[in-house]
Amino acid sequence: MPVTPSAEVDRFMAGLVRRNPGEPEFHQAVREVAHSIMPFLLANPRYLRARILVRLTEPDRIITFRVVWQDDAGRVHANRAWRVQFSNAIGPYKGGLRFHPSVTQSVLKFLGFEQVFKNSLTGLPMGGAKGGSNFDPRGKSEGEVMRFCQAMMRELHRHIGEDTDVPAGDIGVGTREIGFLFGQYMRLANRFTGVLTGKGLSFGGSHVRTEATGYGAVYFLQNLLETRGLELQGMTATVSGSGNVALYAIEKLGQLGAKVVTASDSSGFVHDPDGISGERLKWLKDLKEVRRGRISEYAEHFKCQYFPGKRPWNVPCEIAMPCATQNELDVDDAASLLGNGVIAVAEGANMPSTFRAVDAFIGQKILFGPGKATNAGGVAVSGLEQSQNALRISWTRQEVDHRLKGIMREIHEKCCIDGTDADGFVNYVRGANIAGFRKVADALLAYGIV
Ligand code: NDP
């Protein structure tokens with residue numbers, strides 16, 4: 001019987017699920033990649049003979065450890081933390097740390113796996129990793145967050161280094177937490193070195209790192225729109241989330257003339273038909289970055305509608321940017337967006353759209369930018385932070401922003417090379433997966449059987 005790509009994906013996935021039980025997010029991320037690269041693998045049997053896909057779905061190692069810390073009342077807590085070092089085939093491990101109660105090994109394996117392809121796409125020498133803890137930063141005092149970070153670094157410092165593994169932030173880990181982690185690393189290792197990225201500007205951070213994921217996602221979106229002769233000016237956009245990625249996506253969308261009408265957090269979303277920009281965006285940033293409040297307070301303050309427990313995808317828009325978390329946009333949400341005439345969906349978060357939602361977008365041939373391409377600007381500027389640290393220099397804001405734009409344009413071009421169909425439609429999911437895979441796979445082939 002001839003081997004078909006879909007039968008081969010099913011066979012491969014059956015083995016993967018058997019080897020990794022109870023890890024649905026990891027299965028989902030691998031299935032998406034396997035589905036889009038299998039025809040390419042069948043056409044290039046050297047990768048199959050070397051069993052590259054099997055090797056790339058098995059992390060190099062996973063470090064699991066206990067983090068014990070004390071809250072302000074003196075109570076003792078024990079959390080679990082992980083570092084998933086997925087692949088260092090093309091550079092030192094690189095990927096963020098996530099602090100959220102939903103963190104499991106499955107979530108970190110999905111994120112680490114995605115990171116391998118994303119980092120490859122940036123063109124920079126970075127392997128893939130992810131880490132984090134089920135620690136819940138919500139409602140914790142600054143002292144508690146600091147003690148947790150210090151306790152975590154007491155173990156993590158043994159496994160990281162500027163040429164080994166360079167963590168950064170992710171959900172629940174921003175500049176404040178990176179500062180606490182870096183301070184503790186320095187104390188333990190007695191070395192001032194670029195072992196973390198996302199650092200503050202006064203201690204080795206890069207200009208534009210804070211903004212990079214959101215800005216980069218909008219630059220990628222601009223590239224998507226350009227393929228159809230469109231621009232952001234005058235378009236209405238819905239954004240989910242109100243964290244690091246969402247806030248700077250909202251800012252850049254506004255700077256380029258789009259009107260952003262929604263923002264959300266894990267409790268619900270706000271709909272502001274007047275647009276979240278200017279003083280309103282400034283207020284929102286202060287709410288989320290400084291006061292660490294809830295999005296419902298925005299609705300109270302600016303007298304607009306708040307929808308508790310809901311997601312923003314029913315609000316009519318031309319542009320949708322999911323920037324909160326995985327699986328926050330399902331096939332029904334995709335149907336609402338398509339029904340309302342959405343032109344482009346650009347994923348700021350990692351795997352925010354479910355497999356069926358992505359299928360619906362691609363089926364309707366709208367512009368769809370998958371997270372691993374669209375949100376790669378964050379890790380790209382982390383890579384630039386590593387370069388600046390290694391060279392002991394600091395580039396200007398303009399210089400870094402210029403490089404970020406260039407990297408996002410190159411990622412877009414790579415996606416087009418491998419993702420363009422015979423009728424000219426660009427399947428960016430396939431394009432990103434094949435381009436990301438090829439570079440890592442070729443490195444593995446060059447190393448022989450290791
Ligand atoms: P933040 O912690 O700064 O913000 C996360 C936002 O998402 C918050 O508004 C949060 O709401 C919301 N959120 C978190 N969990 C859920 C949930 N289960 N349901 C609904 N909303 C939720 O994280 P980032 O902005 O850094 O990260 C957002 C996404 O972008 C993640 O998928 C991350 O992996 C991805 N990403 C981040 C990069 C970066 O540089 N930071 C780089 C590339 C990708 P609440 O405050 O209520 O928890």
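The questions below concern the ligand of a predicted model and the residues around this ligand.

In this predicted model, local features need pLDDT of at least 70, side-chain atom pairs count only at pLDDT 80 or more, and totals for chains, interfaces and linings use all residues. Residues are numbered from 1 along each chain as its sequence is written, and side-chain values use heavy atoms, with hydrogens and water left out.

Q: What makes a residue count as near the ligand, and which residues come nearest?
A: One of its heavy atoms must lie within 4 Å of the molecule. Of the 25 residues around the ligand, Asp170, Thr213, Ser266, Arg294 and Asn350 come nearest.

Q: Why is the pair formed by Asn350 and the ligand called a polar contact?
A: A polar contact is a pair of N or O atoms within 3.5 Å. A polar side-chain atom of Asn350 lies 2.8 Å from an oxygen atom of the ligand, so the pair meets the definition.

Q: Why do Gly172 and Val245 also qualify?
A: A polar backbone atom of Gly172 is 2.9 Å from a ligand oxygen, and a backbone N or O atom of Val245 also lies 2.9 Å from an oxygen atom of the ligand. Both distances are within 3.5 Å, therefore both pairs are polar contacts.

Q: How much of the ligand does the protein bury?
A: Taken alone, the ligand exposes 890 Å² (Shrake-Rupley method, 1.4 Å probe); the protein buries 82% of that.

Q: Which domains supply the shell around the ligand?
A: Domain 1 (61-194) and domain 2 (212-371) each supply at least three residues, with bounds from an automatic or database domain assignment.

Terms used. A polar contact is a pair of N or O atoms within 3.5 Å; within protein, one must be able to donate a hydrogen and the other to accept it, and residues adjacent in sequence count only if both atoms are side-chain atoms.
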